[in-house]
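Dear colleague,

Please find below the sequence and the structure that I would like to hand over to you. I should be grateful if you would keep them open while reading the notes.

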Amino acid sequence: MFVTCKHLSRREALKGLGVTIALPFLDAMAPAGRALSATDRKTRLICVEMVHGSAGSTAIGARKNLWAPAAVGGDFDLGPTSLRSLAPFHDHLTIVSNTDCSSAEPFTASEIGGDHFRSSAVFLTQAHPKQTQAADVQAGISLDQLYAQRFGQTTPIPSMRLCIEKGDQGGGCGYGYSCAYTDTISWASATRPLPMVRDPRVVFDTLFGVLRLDETPEARREQLARDRSILDWVQSSVARLMTRLGPGDRARLSDYLDNVREIERRIRAVEVFSSSGEVRERPEAPPGVPDSFSAHVKVMFDLQVLALAADVTRVFAFKLGRDNSNRAYPESGFNGPFHPTSHHSGKEAKILDFATLNAYHVSMIPYVLDKLKNTPDGDGNLLDHTLLLYGSAMGDSNLHNHKRVPFFMAGHAGGALRGGVHLKAPNGTPLANVMLSVLHKLGVDDIANFGDSEGTFAL
């Protein structure tokens, strides 16, 4: 693509009173007369964790291919697996099966039984957490933060961390482990766990620089009654910018702003319901959190796509569940509570119920992949230039083991991954090997080890 119109800065933004809206990549942002290249963009990274492992990590599940497909290579069938909803994105998938998270195993007798309380801390760090309920927590720097420290420092927000379940409980959570290990998957250093945000309103306001000085419930209800869209505050800025853009860029900007307005409308609708006095399924949740799991996940993914398109940040860590959660997912077609269902006693019928929940959780991912694929970005789309990884540090939750852990990746990572392949690792391969190779593919190629890695893994 060659661009000949007046050049716009990549950091051009729409500004109004208390509001700053970053822009998606427009043709006018490419230097005039030069083709776009890989140096004009950086790979975006989304790291998604779902707790409690998978039915496919059991002996029965492995035989029935309840997680990974039977065939290795490119000619695989997702039909029997919990990944079947990803079939339309076959060519974007890199499935890596049969890896272990040994750092989540108990190292001492006192750690036996505490698997649920340390697994999340292991997922992106591949490091063994120190058993403590005090402030002296210790694990390792996480993959998302290694990438953010290298490639996120030129964006307004180096990284963002989101979650669906309640966290930030403080103190001890069980078996001598701090709740810090359970509440986050993102670590800025071995001793610095980073908080995660559950409320879509907080994410929205953070992305668009919205200043809200008074957040009492009474003030919030009054604000909801009179609030206008944030776009109303930048109308003059939009009008001025439109005069500087070509037809294609004007259409792209209009679509982007329409998405901003629609997401804002959905968040506000949830807040209005939460403030109405109607009974909520989750009364403890912030007012912007929908009762529906899928609605909550989707609005969080929509916010991520907006942020990645506008290069507000390039890095997200997204925690879909919390260990020991008894949440039910009626939209899955099975209404059993999550944690008890994961303790299936090795009975096939119960393992299949657990697989139903696994499939439902994975079915959230095609939503964001479709959004990324349909968002233009330079000479391609966001899915071309994004790497999404999904997994858990738990294997068979019933046994509290960390073998054959569920893991896959989606997206081409700016050409670093070709996709369309299932790779089965040799028995005993650390997931850390895969993550080390992922870091190398992403450009963090000057580190020789990550967590308990024993080498790299050919991707």
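The notes below describe the domains, the packing of some helices, and a few individual residues.

Please bear in mind from the outset that this is a predicted model.

Domains

The domain assignment divides the chain into domain 1, made of residues 1-36 + 208-288, and domain 2, made of residues 46-198 + 314-441. Taken over C-alpha atoms, the centres of domain 1 and domain 2 lie 30 Å apart. To the contact between them, domain 1 gives 10 residues and domain 2 gives 13 residues.

Helix packing

Helix α9 (residues 293-309) appears in both of the helix pairs described here.

In the pair with helix α12 (residues 365-373), the axes are 10 Å apart and the packing angle is about 25°. Angles under 35 degrees count as roughly parallel, and α9 and α12 are therefore roughly parallel to each other. Their crossing is right-handed. On the α9 side, the residues that meet α12 are K298, F301, D302, V305 and L308. On the α12 side, they are I365, Y367, V368, K371 and L372. Sorted by class, this contact holds 7 nonpolar and 3 charged residues, with no polar ones.

In the pair with helix α5 (residues 200-207), the axes come within 10 Å and cross at roughly 10°. By the same cut-off of 35 degrees, α5 and α9 are therefore also roughly parallel to each other. Here α5 supplies P200, V203, F204 and L207 to the contact, while α9 supplies H296, V299, M300, L303 and A307. This contact has 8 nonpolar residues, 1 polar residue and no charged residues.

Individual residues

Two of the residues below are listed for their backbone angle phi. As background, most residues other than glycine have a negative phi.

D311 is not a glycine, yet its phi is positive, near 60°. D311 sits in the loop between α9 and β10 (315-319). Is D311 buried or exposed? A residue is called buried under 20% relative accessible area; D311 has 6% relative accessibility, so it counts as buried.

H400 is likewise a residue other than glycine with a positive phi, of about 55°. Its place is the loop between β13 (386-391) and β14. With a relative accessible area of 19%, H400 is buried.

H412 lies in the loop between β14 (407-410) and β15 (421-430). Its relative accessibility is 17%, so H412 counts as buried. Which residues is H412 in contact with, leaving aside its neighbours within four places in sequence? They are D91, H92, L383, D384, T386, L417, R418 and G419. H412 and L382 are 30 residues apart in sequence, and their C-alpha atoms are 9.4 Å apart in space.

S237 belongs to helix α7 (residues 235-242). With a relative accessible area of 9%, S237 is buried. Not counting residues up to four places away in sequence, S237 touches A13, L14 and K15.

When you go through the structure, you may wish to begin with α9 and its contacts with α12 and α5, and then turn to the buried residues D311, H400, H412 and S237.

Yours sincerely,

A colleague

Key:
Residues numbered from 1 in each chain as written. Predicted model: local features only at pLDDT ≥ 70, side-chain atom pairs only at ≥ 80, totals over all residues. Heavy atoms only, no water. Axes fitted to C-alpha atoms, helices over the stretch in contact; angles between N-to-C directions. Helix = DSSP H or I, 4+ residues; strand = E, 2+ residues; numbered from the N terminus. Parallel < 35°, antiparallel > 145°, perpendicular 65-115°, else oblique. Left-handed = near helix turned anticlockwise from the far one by under 90°. Contact = heavy atoms within 4.5 Å. Nonpolar A, V, L, I, M, F, W, Y, C, P; charged D, E, K, R; others polar. Buried < 20%, exposed > 50% of the residue type's maximum accessible area, 1.4 Å probe, protein only. Domains from an automatic or database assignment.
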